[in-house]
Structures are given as C-alpha cells and as structure tokens.
Amino acid sequence: MALIVHKYGGTSMGSTERIRNVAKRVAKWVRAGHQLVVVPSAMSGETNRLLGLAKELAPAKPGDAYLRELDMLGSTGEQVSVGLLSIALQAEGLEAVSYAGWQVPIRTNSAYTKARIESIDDRKVRADLAAGKVVVITGFQGVDDGGNITTLGRGGSDTSAVAVAAAMKAAECLIYTDVDGVYTTDPRVVPEARRLATVSFEEMLEMASMGSKVLQIRSVEFAGKYKVPLRVLSSFTPWDIPIEEEAKSGTLITFEEDEQMEQAVVSGIAFNRDEAKVSILGVPDKPGIAYTILGAVADANIEVDVIIQNLSKDGKTDFSFTVHRNDYARTVDLLKGSVLPTLGTDRIEGDTRICKVSIVGIGMRSHVGIASKMFRALSEEGINIQMISTSEIKTSVVIDEKYMELAVRALHRAFDLDQPAAA
Ligand code: ADP
Ligand code: ASP
Ligand code: MG
C-alpha cells in the first residue's frame, strides 16, 4: 500500500462526465489498496472566466488591495472542483472529504496572485487517510499568515500537488493532463513532436521556465528539492485500463543521469509568448547604468528575463530587456516617470509582439556548436534574432512573434527531434 497524490488539470475536470471518470480512476487506485490524495484544478476555462469578470468591472491595477480580491475570486474555481469531485467519489462508494487550501492549511507568503507555499500541515489529511478516506484538496490556493486566501500563479495546481506529495512523503505524484506526457515540444504546435519516456529534472526545469506549460515551474522546483517522484500522464485513457499499465505510462521525471536514458543533445524546444521587450536608447555608457534601470524595475517587484546592452558609440549605448507582458505597461510608466530623467534620455521603445524560443538539453553541456546550429536553422527560414540568452543546458532567442511556429518547427527538424532517439 502506498500513499499517492493524483493531480487533475482543468480539461480533465472539464465536465461532470469527466469528473465522473476521474472519480472512477481514483476508485480503481483505492481499490488496489492505495491511499489517495487528489488535487484538482478548476474546470477548464473557469479561472479565465472569473478573472475576466474582474476585468469587466475595473482594469487590472497593481497593489495588494486589488490583487487580494483577485485571489479571493480566482481561487473559487478550485473550490467548486473539490466539492464536485468528492460528491462523485462518494457516488462511487468511497468515503471522500474535500478541503480548501486554508482548511488544510497550506500556508503561503502574501504575494497575491503569485504566492509561494511555505508549509503544509498534513495532520488532518493523515487522520482522514488513516480513517480510510480519499482526501481532495484544492489546487492553486493557500492562505497567508493574516488568514487571506492566496493563489500560486497560473498553472499553480501542479505546484499544490507536488508540495502536498513532498510534505506527505508520498510514494509518487501523478500529474494527469490532456496530453499523454511531456513531448519534445508542444504537440499542439508540432504534430511530429514525440513523447519522452523520461526527462531529467534539470531539463524539465528549463523547459518549464522557458514556457512549456505542461508543468508549472515551481512544481518542478519542489519535485527537485524534495525528490518527489513525478510523472505526467493522460487522464483521457479509459479509466479501467490495468493499473500497472497506467503507472508506467506517460513521462517520468528522473533525478539521476542514467545510461539507459535518451541521450539526445537537445531534448526539447520550449516557447513563450508571455514577454514584452523594452529598449532604452541613447543611455550614457558608464558604470551603474544597468543597476539604475534594472534596480528600479526590481524594486517594483517586476521580473526581468533576457537582457542585452549594445556596444557603445560616442559614449552612448542602447539597453534592452524583457518582462512579462502583464508588467509591460507598468515597466514603461515607471521608467518614464523616475528613471529616464536621471539618464538624460527620453527615448524608450517597446515591443509586445515578441516571443522567446528555447532549445533545452543536458547533452548541450558536452557538445559545442549547438547554438550555431540553432542560429543557422533560424537564418535559413529568414528569421531575425533580436536577443540571445544562454545557460549550460539551454539557448534562447527572442524573435518576432509571427515567426514563432515556423521557428519551433524548423528547430524541431534541425535537431532531429521527430526521429526516435538512438538506443
Ligand atoms: P492542465 O489543465 O492539465 O494543467 P495545461 O494546459 O496546463 O494542462 O498543460 C498541458 C498542455 O501543455 C498541453 O495540452 C500542451 O498543449 C502544452 N504543452 C506545452 N509544451 C508541452 C510539452 N513539451 N509536452 C507536452 N505538452 C506541452
Ligand atoms: N486554475 C488555475 C489556472 O487556470 C490553476 C491550474 O489550472 O493549475 O491557472
Ligand atoms: Mg496546467
């Protein structure tokens, strides 16, 4: 008998029919003798719908007073899901009990809309499991020290599930979703994408942080920190397939480099349309400029991603960086208001129609020439590279958004990702 955490995403919870299927699948695992904690997301589209209602009433604005209410609102989708799923589980003849994040409690900091989990008190959950119940816990939400409901950022139910699995030392955390595993790239963009039987934790971390939304990045960070066995698999297989088959399906995130593993140099392509570029032109090229600009941005709690500073000419240079699109307007306002005047320039340009495409693979560590192969593939398609950023196991480029799919397909081909990996 093992303690297992199941997480079901929005599409998997998308209708009462699908919720019934989830309940039947969970019942199969319980009847095989396992203890189950289940973490569902809101029904598909629900979080967007709720946040859309807020937008109808008022434009998004910074500040805790507003963001607190967004969390109060956005978290309700998951409360609906746990109630419905528990009812469905009871209808399957199981004992089931649901909890909102604050009831567990799942404690977070107070960073509304992007809160971080700080601790999970598992006593209540353990007592229920010992009493033979299935415990259903809301994804995406927690509670801060002041008793305020918080949410963990979009896609945050993955993180809830992995954090619960870590806190309870679960034998495995199974992330059930609408694709049957982690692919070489998003299979909805590149139909030739291949499912990976295993992917290393480091690669998964880069893929997630470069934009593959199949797992929220913080869930991968948690899995790495606490060595939570993690698997991504389909919730769309028939619920009554043999449990042994289901337990081996999908993609396993591995923590050790294994001889048997697929050793491709590049194992995946990630992309992300969530960023915008800000350029400040004609800034004096002298010490402290990067700090003046980026320090002010960081103080406003805005995360910066790719940064470039051009060669200077006549003592002046151009400085560009990317931020999340949601933070774009705020960044430009901030710079115009308090930073540009101190730099002696008023030339600021922005571009919200960019995207970032990344190649990821631990094999890149020991191979040279990978980045140039990437640049060649893009140039053959006539795609102009605006910014480049590299790390040991990834290379990212910022390009015009309209070339995103073309770039992803070209790179997928250039690195032979549509071919089965050599044994
Ligand atoms: P859920 O609602 O189950 O959390 P998400 O929509 O958040 O599901 O994540 C699953 C989606 O992630 C897939 O439908 C797929 O389009 C997308 N995706 C992006 N990159 C990848 C990848 N490399 N492998 C698999 N899916 C990916
Ligand atoms: N419902 C939340 C969202 O749409 C959390 C999740 O699905 O993981 O972002
Ligand atoms: Mg998700």
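**View 1. Ala-410, a buried residue of helix H13.** Ala-410 counts as buried because its relative accessibility is 5%, where buried means under 20% relative accessible area, exposed over 50% and partly exposed in between (1.4 Å probe, protein chains only). The residue sits in helix H13, which runs over residues 404-414; helices (H or I, at least four residues) and strands (E, at least two) are DSSP runs, numbered from the N terminus. From the C-alpha atom of Ala-410 to that of Met-387, 23 residues away along the chain, the separation is 18 Å.

A note that goes for every view: this is a predicted model, so to speak of local features we need pLDDT of at least 70, and side-chain atom pairs count only at pLDDT 80 or more, while totals for chains, interfaces and linings use all residues. Residues are numbered from 1 along each chain as its sequence is written, chains are lettered from A and ligands numbered from 1 in the order in which they are written, and side-chain values use heavy atoms, with hydrogens and water left out.

**View 2. Tyr-8 and Tyr-176, a stacked aromatic pair.** Searching the whole structure turns up four aromatic pairs; rings of Phe, Tyr and Trp (its six-membered ring) pair if their centres lie within 6.5 Å, and planes under 30 degrees apart count as stacked, over 60 as edge-to-face and the rest as tilted. For Tyr-8 and Tyr-176, the figures are 4.7 Å centre to centre and 10° between the planes. Tyr-8 belongs to strand E1 (residues 3-8) and Tyr-176 to strand E9 (residues 172-177), so the pair ties together parts 168 residues apart in sequence. Both Tyr-8 and Tyr-176 are buried.

**View 3. Ligand 1 and its shell of 17 residues.** Those that come nearest are Thr-177, Asp-178, Tyr-183, Asp-186 and Arg-188, a residue being near if one of its heavy atoms lies within 4 Å of the molecule or strand. By type, the shell splits into six nonpolar, six polar and five charged residues; Ala, Val, Leu, Ile, Met, Phe, Trp, Tyr, Cys and Pro count as nonpolar, Asp, Glu, Lys and Arg as charged, and the others, Gly among them, as polar. Oxygen atoms of ligand 1 take part in these pairs:

- a side-chain N or O atom of Arg-188, at 2.6 Å;
- a polar side-chain atom of Asp-186, at 2.9 Å;
- a backbone N or O atom of Gly-10, at 3.1 Å.

On its own, ligand 1 has 570 Å² of accessible area, and the protein covers 90% of this (Shrake-Rupley method with a 1.4 Å probe; for residues, only the protein chains shown count as cover).

**View 4. Ligand 2 and its surroundings, from Ser-41 to Ser-157.** The neighbours include Ala-42, Glu-78, Phe-140, Arg-154 and Gly-156, and the whole shell divides into two nonpolar, five polar and two charged residues. A nitrogen atom of ligand 2 lies 2.8 Å from a side-chain N or O atom of Thr-47. An oxygen atom of the ligand is 2.9 Å from a backbone N or O atom of Gly-155, and for a side-chain N or O atom of Ser-41 the distance to a ligand oxygen is 3.3 Å. Ligand 2 taken alone exposes 260 Å², of which the protein buries 86%.

**View 5. Two buried cysteines, Cys-173 and Cys-355.** Cys-173 is at 0% relative accessibility, and Cys-355 is at 1%. How many disulfides does a search of the whole structure find? Zero, with a disulfide taken as a pair of cysteine sulfur atoms within 2.5 Å.

Technical notes
A polar contact is a pair of N or O atoms within 3.5 Å; within protein, one must be able to donate a hydrogen and the other to accept it, and residues adjacent in sequence count only if both atoms are side-chain atoms.
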